[in-house]
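Morning, everyone. Two topics today: cysteines, then internal space. Let's put the model up.

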Amino acid sequence: MTIRRILRKLRRQGSGNAGSEFRVFELTWSIPAEFGGMTSVLLRRARNLVGLENRTVDVLTLDYKLDLSATVTRLTESEEIVPGVTVRNIWHELAEFSRRQLESLGAGSSEMAVPEADASASIRETARFIEYYDAEGSVERVDHRRTDGSIFLTDLRSEGARRLILFDPNGRYVGEFSRARDLYFSWLDHVTELKPSVVINESKFVGGFLHHYQRDQVKVGQVLHNTHLEPTSDSPYGPFTRSRLGVLSNWHKFDFLVFLTKKQKADFVSAFGDSPTLFVIPNCTEIVTEDLTRQSPERDVRAGAVVARLSNQKRVDQAISAVGAASDGVSLDVFGDGDLRSRLESQVDGNAVLASRITFKGFVQNAADELAAYSFILLTSAYDGLSLVLIEAMSRGCIPIAYDIRYGPSEVVDDGINGFLTHDVNGTTAAINRLVAMTPTEIAELRKAAQRKSKEFDDEQITDRWEALFKEVVSSPQDGPARKFPKIAAERITADGSELQLSLTTVADTKITDADSDYFVLVSRDRRFSVAFPMPPDQVLSIPAELLAQTGPSPVFDAWYLHRDGRKVVRRRVLHAASSTDTVAGEFASYATIHGNLSLKRTPAEARGH
């Protein structure tokens with residue numbers, strides 16, 4: 001720990017900030033043996049909150065396959081966790097619960113018998129669980145074991161139903177849940193004790209159901225570690241990635257949503273609307289303070305590195321191709337492992353030039369520490385969030401050459417000043433050759449500029465931003481008496497050429513307050529597209545049909561009204577109260593659903609008068 005960090009921690013202790021006013025929890029599905037950016041980021045954040053803010057942080061995991069003991073040992077030995085950071089797992093803890101603790105989870109009961117396990121089924125058996133597979137190879141039952149071999153929970157998944165059945169240490173029935181998320185939520189109640197807490201969720205899978213967890217004292221947020229748009233999208237309105245639809249469709253139910261870049265937040269607001277619950281907090285790293293003007297003999301200007309999971313997303317094959325076409329003597333060491341390793345090795349082995357230039361290092365713990373010996377780092381991802389490895393490289397004077405993808409690199413790399421932004425293999429090769437041809441003085445200036453930029457992502461600055469988020473979220477007033485939410489209706493719908501014009505009004509003795517922060521939002525029925533319109537002062541809204549036409553083939557859009565009441569965000573359907581039922585503009589026509597709500601549908605050409 002540096003002197004600066006020690007002094008900061010002492011100041012925090014002296015000011016009484018020991019995290020006693022609320023607790024902080026990190027939530028993720030699992031911690032793999034070989035983890036990448038997301039897990040590295042959450043563990044670093046936890047260490048920073050302990051080391052810089054004198055807090056304690058519990059990292060909560062939900063994966064029953066996680067070997068908690070081995071994971072904690074590995075993370076402790078690699079110093080990924082420090083005293084004050086505790087990794088916990090729901091299944092490990094339930095295995096140690098007494099009957100009274102199991103009863104406190106609030107499981108229901110059932111008259112249905114608990115079937116015996118199918119002795120003829122294929123199984124996978126470990127000390128902690130037994131999985132039973134059906135004829136198609138799907139898991140139909142999991143028996144979860146205590147250390148003594150007794151079963152504390154049987155998870156039945158057959159016929160589309162779910163029964164998670166609890167048993168006490170004597171094998172007696174305790175109760176059961178019909179949904180896994182209800183079991184997870186009961187455990188969250190247990191670990192937070194329903195006291196003032198902040199839960200930071202990292203997993204997009206968990207985020208798909210976590211929005212249902214609503215507790216007055218527990219503030220729950222989601223971090224978007226990667227793009228919410230399909231890589232091929234050239235519009236902020238979609239299509240959105242299917243794996244994040246659960247989060248995107250319910251974003252307003254979270255107490256906070258964190259983006260890694262300003263650009264991603266701006267695109268999100270264009271599609272869904274703005275809110276005080278949206279924050280931008282980038283990833284962080286420890287800044288190296290060595291004197292970069294001294295050229296280390298180990299740092300060959302032609303030596304490059306890639307640190308990435310070897311997957312389709314990272315497109316390491318393109319980094320390899322770029323180096324293969326670069327000037328003589330340029331080399332590339334590839335740090336990382338993954339499903340595509342054998343294919344990438346075949347790409348190299350089949351080419352004499354590549355075979356002389358490319359070396360596969362495999363997965364290396366703390367690979368960023370190796371980057372001080374390299375001149376440049378390549379990032380050729382199809383999509384990314386805010387690449388931590390770029391920041392780590394720049395802090396060590398390793399010059400970034402990165403694809404200028406939608407989010408991330410352009411907020412870290414200033415082209416030609418502290419690195420290079422490119423668009424394809426040829427551009428990357430040109431950037432490598434440009435770097436190699438520079439004078440030692442020019443290269444030294446580039447390295448110093450890269451390190452200066454990296455300081456914007458220093459641990460202390462980013463941790464301060466997280467602390468500010470915590471205090472804002474926790475200090476927000478609790479939900480008081482339910483207020484009457486304004487019911488919005490479209491009382492008049494007209495077409496002006498290729499625009500739909502909606503005159504909006506309130507109904508049922510409700511009224512709009514602070515409408516300048518509200519939004520009218522059109523969401524495609526398949527949830528993959530969304531367009532947000534700020535509410536105009538006169539409540540007359542113009543919707544260009546051409547804009548909706550950019551949202552792909554989605555045939556139906558539903559109209560929603562997004563209303564802010566302080567920090568609370570509520571979304572409701574817009575009613576159709578106009579006398580005309582079908583108003584056509586461009587490809588779209590308005591109509592009333594069977595519930596009387598407003599929707600827009602794509603119309604056939606003959607209905608448009610063609």
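Start with C284. Its sulfur has its closest cysteine sulfur in C398, 19 Å away, which is too far for a bond. Keep in mind that this is a predicted model. Now turn it round and start from C398. The closest cysteine sulfur is the one in C284, again at 19 Å, so a bond is ruled out by distance there too. The cut-off for calling a disulfide is 2.5 Å between the sulfurs.

So how many disulfides does a search of the whole structure find? The count is 0.

Next, are these two cysteines buried or exposed? C284 is buried, at 11% relative accessible area. C398 is buried as well, with a relative accessibility of 0%.

On to the internal space. The structure has 1 cavity of 30 Å³ or more. The volume of the largest cavity is about 120 Å³.

Who lines it? The lining of the largest cavity counts 16 residues. Nearest its centre are V41, R45, P282, C284 and W466. Note C284 in that list. That is the buried cysteine we began with, at 11%.

Which helices supply at least two residues each to this lining? They are α2, residues 37-53, and α17, residues 459-475. The largest share comes from α2, with 5 residues.

Last, the chemistry of that lining. Nonpolar residues number 10, polar residues 4, and charged residues 2.

To wrap up: 0 disulfides in the whole structure, and C284 among the residues nearest the centre of the largest cavity. Happy to take questions.

Notes: Residues numbered from 1 in each chain as written. Predicted model: local features only at pLDDT ≥ 70, side-chain atom pairs only at ≥ 80, totals over all residues. Heavy atoms only, no water. Buried < 20%, exposed > 50% of the residue type's maximum accessible area, 1.4 Å probe, protein only. 1 Å grid on protein atoms, 1.4 Å probe; cavity = no way out; pocket = protein on both sides within 12 Å on 5 of 7 lines; lining within 4 Å. Points joined across faces, edges and corners; volume = space filled by probe spheres on them. Helix = DSSP H or I, 4+ residues; strand = E, 2+ residues; numbered from the N terminus. Nonpolar A, V, L, I, M, F, W, Y, C, P; charged D, E, K, R; others polar.
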